[in-house]
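I opened a fresh notebook page today and went through the model one topic at a time. Here is what I looked up, in the order I looked.

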Amino acid sequence: MADDLTDLTGLAGDAELDEPAARQTGPSALDVIAEQAIVDLALAEAPDGAPLARAERLARLADARLYLCTPRQPAFDAFLDGVLAPAGGPGVDLIQLREKGLEWRAEAAALGRMVAAGRRHGALVSGNDRADLASVAGVDILHVGQDDIPPATARRLLGPDVIIGLSTHDEDQLAAAIEDPDVDYFCVGPVWPTPTKEGRPGVGLGLVATAVAAAPPFAPGAKPWFAIGGIDAERLDEVLATGARRAVVVRAITGAADPAAAAAALAGRLRAAG
Ligand SMILES: Cc1ncc(COP(=O)(O)OP(=O)(O)O)c(N)n1
Ligand SMILES: Cc1ncsc1CCOP(=O)(O)O
Ligand SMILES: [Mg+2]
């Protein structure tokens with residue numbers, strides 16, 4: 001992986017940080033410096049230097065249509081700027097770092113860069129699975145699955161300001177997510193089987209239609225939710241036809257020849273649908 005993806009702090013490649021003895025005695029001074037550098041970077045471009053409060057995050061979530069999950073990309077900052085603010089129109093509203101198995105510092109550093117980009121463009125930034133990293137990097141959202149840290153536990157660790165999202169795969173999980181006061185939004189899927197989430201069967205458009213009935217998009221008091229899994233430019237109209245108005249994608253943007261243009265096209269169609 002290129003240096004600019006792993007060495008944000010300038011310390012991540014330092015041989016001293018890989019020394020087993022240093023790990024056995026708790027955080028070293030370098031660990032503490034690295035962590036502070038990550039947080040400083042994450043907040044560097046925030047207008048007032050402070051994380052957003054819950055009300056502001058919920059307002060942005062309510063207006064969101066397009067959510068991108070992505071691993072780090074080459075020229076990561078330019079990629080983020082492109083998909084979050086494509087020339088001449090809306091783009092990705094919410095963005096998540098989803099890259100399994102990253103070493104702690106590399107994930108924290110990448111999240112820090114995402115948070116800085118989110119602040120530049122008014123987008124919300126999500127961590128995946130790990131409440132510790134969400135806390136350190138100052139993300140707006142933590143997304144968890146059914147087998148991850150439970151939303152109530154994440155809430156206890158992260159406090160009231162962090163938005164918590166939950167994956168759902170059947171009607172019972174969907175109903176529980178709607179009722180759970182610690183869940184701020186949920187996702188329904190994978191709608192179609194997808195190589196991006198291997199081993200998880202597609203739930204079909206029927207469950208998406210169930211979500212539309214249970215939490216009609218933009219109805220007062222209805223919890224926001226997103227369809228996810230196998231959604232791309234070809235299939236988007238089928239998703240919209242159910243009444244769904246928010247979608248999460250991975251490959252439809254990360255696999256596009258021009259990710260910014262793909263983001264703009266999807267965002268434009270989602271917004272045009274209402
Ligand atoms: C926005 C969003 N929706 C769904 C997922 C999937 O979460 P999960 O089921 O925990 O699977 P992993 O992503 O952890 O493999 C997500 N990450 N983000
Ligand atoms: C993380 C995740 N959870 C359910 S489907 C999915 C991946 C969706 O990826 P893609 O948009 O490439 O099908
Ligand atoms: Mg998960």
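My entries below cover the strands, the core, the two ligand shells and one helix residue.

**Entry 1: what kind of model**
I am reading a predicted model, so I noted that local features need pLDDT of at least 70.

**Entry 2: strand 5**
I began with strand 5, residues 163-168, and asked how many of its residues are buried. Six of the six are, so strand 5 is largely enclosed by the rest of the structure. I then sorted its side chains by direction: Ile163, Gly165 and Ser167 point one way, while Ile164, Leu166 and Thr168 point the other way. That fits what I expect, since side chains in a regular strand alternate between the two faces of the sheet.

**Entry 3: the partners of strand 5**
Which way do strand 4 and strand 5 run relative to each other, parallel or antiparallel? They run parallel, and four bridges join strand 4 (residues 141-144) to strand 5. Across that pairing I found Leu142 opposite Ile164. The connection passes from strand 4 through helix 8 (residues 151-158) to strand 5, and I logged this β-α-β crossover as right-handed.

I moved on to strand 6 (residues 185-188), which pairs with strand 5 in the parallel sense over four bridges. Here Gly165 has Tyr185 as its bridge partner. The chain gets from strand 5 to strand 6 through helix 9 (residues 171-179), in a right-handed β-α-β crossover.

**Entry 4: on to strands 7 and 8**
Strand 6 is joined to strand 7 by three bridges, and the two run parallel. Cys187 is matched with Phe226 in strand 7. I traced the link through helix 10 (residues 205-214), and this β-α-β crossover is right-handed.

In strand 7 (residues 225-228), Trp225 and Ala227 point one way and Phe226 and Ile228 the other, and all are buried. Strand 7 also pairs with strand 8 (residues 247-249), in the parallel sense over two bridges. The partner of Ile228 there is Val248. Strand 7, helix 11 (residues 236-241) and strand 8 form a right-handed β-α-β unit.

**Entry 5: the core**
I looked up the largest nonpolar core and found 76 residues in it. Among those with the most contacts inside it are Leu142, Val188 and Ala227. I followed up on Leu142: leaving aside neighbours within four places in sequence, its contacts include Ala131, Ala154, Leu158 and Ile164. Ile164 is also the residue opposite Leu142 in strand 5.

**Entry 6: the ligand shells**
Which residues come nearest to ligand 1? Of the 15 around it, they are His143, Gly145, Ser167, Cys187 and Val248. Strand 1 (66-70) and strand 5 each supply at least two residues of this shell. I tallied it by class as five nonpolar, six polar and four charged.

Ligand 2 has 14 residues around it, with Thr194, Thr196, Gly229, Val250 and Arg251 the closest. Its shell divides into seven nonpolar, five polar and two charged residues.

**Entry 7: Asp81**
Last, I checked Asp81, which sits in helix 5 (residues 76-84). Asp81 has 16 C-beta neighbours inside 10 Å, so I put it down as partly exposed. I also noted Ala117, 36 residues away along the chain, with 6.6 Å between its C-alpha atom and that of Asp81.

Notes. Residues numbered from 1 in each chain as written. Chains lettered and ligands numbered in written order. Predicted model: local features only at pLDDT ≥ 70, side-chain atom pairs only at ≥ 80, totals over all residues. Near = placed C-beta within 6 Å. Nonpolar A, V, L, I, M, F, W, Y, C, P; charged D, E, K, R; others polar. Buried ≥ 20, exposed ≤ 12 C-beta atoms within 10 Å, placed from the backbone. Pairing = 2+ DSSP bridges. Right-handed = clockwise from strand over helix to strand, strands pointing away. Core = buried A, V, L, I, M, F, W, Y, C linked by C-beta atoms within 7 Å. Contact = placed C-beta atoms within 7 Å.
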